[in-house]
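Q: I should like to take a close look at one sheet in this protein, and then to see how the rest of the chain is arranged. Please begin with a single pair of strands and build the picture outwards from there.

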Amino acid sequence: REQTDPVLQLENINVNFDGFQALTNLTLNIGVGELRCVIGPNGAGKTTLMDVITGKTRPQSGRAIYDQSSDLTSLDPITIAQKGIGRKFQKPTVFEALTVFENLEIAQKGDKSVWASLRAKLGCEQRDRIDAMLATLRLGAERGRQAGALSHGQKQFLEIGMLLIQDPHLLLLDEPAAGMTDAETEYTAELFRELAGKHSLMVVEHDMGFVETIADRVTVLHQGQVLAEGSLKEVQQNEQVIEVYLGR
Ligand code: ADP
């Protein structure tokens, strides 16, 4: 994969929680259309990294340049989301009492007045788009079903769809395949490979098989620092990585 312009440039990010250094001079670039996997042991700083990008945590120093223009570290979470950065947490969060279709409808409207948007009449084009998304998610048959009745994996797909329907530039996903069946994991990998190129993705993942299938590049975090970066093969052969992480 050839080098592209960066969609995200993290420069010397430092995050300190009451004396505990969670991220130390973290520098990391993600290219437009790249699918980057971030791995590392528990406590390495993966969640904090995502929190910095989404404006949930403000670093003590450093910059997070998005699309070669805005510094995300001075923006609030809503503004950051409006700039096209979507995030999916590990646990699926869908509106359980609403149908699968309605969940996508709300996400597409993207406004805060959930009930108003539910009542509002959708144009044909928007409905078609939701149906196309349902097909992509392999949820066509579940269209009118309550989201709460879906399987865990189906909820994960639905939530991914709720992000995608908002046309994000950069997607941050925390262990998207956690709790999925093998077949669902395989399809998630396929879907992500299709998304890469059109979107940029940062995926925190523990399942190395999944990482191997999807990642363009892998960043290994350890104690709040980038320990290694490269293809999965390259980082797996890195002495330091073997020592602190893979060689347990
Ligand atoms: P990971 O996601 O890689 O498991 P985290 O980013 O959640 O790692 O955490 C990195 C370190 O920062 C951990 O040691 C964690 O205990 C600490 N940490 C995270 N958030 C806070 C917080 N709000 N206050 C204090 N320490 C925190």
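How many bridges join strand β4 (residues 61–66) to β5, and in which sense do the two strands run?

A: This is a predicted model, and every value below is computed from it. Strand β4, which covers residues 61–66, is joined to β5 by two bridges, and the two strands run antiparallel. One position in this pairing can be found by name: Tyr 66 stands opposite Ser 70 of β5.

The pair belongs to an open sheet of four strands, whose order is β2-β1-β4-β5 and whose pairing is antiparallel. At the edges of this sheet are β2 and β5 (70–71), each of which pairs on one side only. Reading the order from β5 back towards β2, the next pairing is that of β4 with β1, which is antiparallel and extends over five bridges. Here Tyr 66 appears again, for Leu 8 stands opposite this residue of β4. Tyr 66 therefore has a named partner in β1, Leu 8, as well as one in β5, Ser 70, as the antiparallel pairing in the order β2-β1-β4-β5 would lead one to look for.

The remaining pairing is between β1 (residues 6–17) and β2, where eight bridges join the antiparallel strands. In this pairing Pro 6 has Gly 31 of β2 as its bridge partner. The two strands form a hairpin with two residues between them, and in that hairpin Asp 18 takes a positive phi near 45°.

The edge strand β2 also leads to the ligand. Both β2 (20–31) and α1 (46–53) supply at least two residues each to the shell around the ligand. The largest share, three residues, comes from α1. Among the residues that surround the ligand are Phe 17, Phe 20 and Ala 22, together with Lys 46, Thr 47 and Thr 48. The shell also includes Gly 40, Asn 42, Gly 43, Ala 44 and Gly 45. Sorted by class, the shell holds four nonpolar residues, six polar ones and one charged one.

The sheet can now be placed within the whole protein, whose secondary structure comes to 10 helices and 10 strands. The domain assignment gives domain 1 as 6–91 + 169–246 and domain 2 as 95–149. The C-alpha centres of these two domains lie 28 Å apart. Measures of the whole chain complete this view. A compact globule of 248 residues would have a radius of gyration near 18 Å, and the protein agrees with this because its own value is 18 Å. Its C-alpha atoms fill a box of roughly 55 × 40 × 35 Å along the principal axes. Of the 248 residues, 39% count as buried. Among contacts with a separation of 6 or more, 64% are between residues 24 or more positions apart.

A last example is Gly 148, located in the loop between α5 (124–136) and α6 (152–164). Gly 148 counts as exposed because it has 12 C-beta neighbours inside 10 Å. Leaving aside residues up to four places away in sequence, Gly 148 touches Glu 96 and Ala 97. The C-alpha atom of Gly 148 is also 7.4 Å from that of Phe 95, although 53 residues separate the two along the chain.

Notes:
Residues numbered from 1 in each chain as written. Predicted model: local features only at pLDDT ≥ 70, side-chain atom pairs only at ≥ 80, totals over all residues. Near = placed C-beta within 6 Å. Nonpolar A, V, L, I, M, F, W, Y, C, P; charged D, E, K, R; others polar. Rg over C-alpha atoms; globule rule 2.2 N^0.38 Å. Buried ≥ 20, exposed ≤ 12 C-beta atoms within 10 Å, placed from the backbone. Contact = placed C-beta atoms within 7 Å. Domains from an automatic or database assignment. Pairing = 2+ DSSP bridges.
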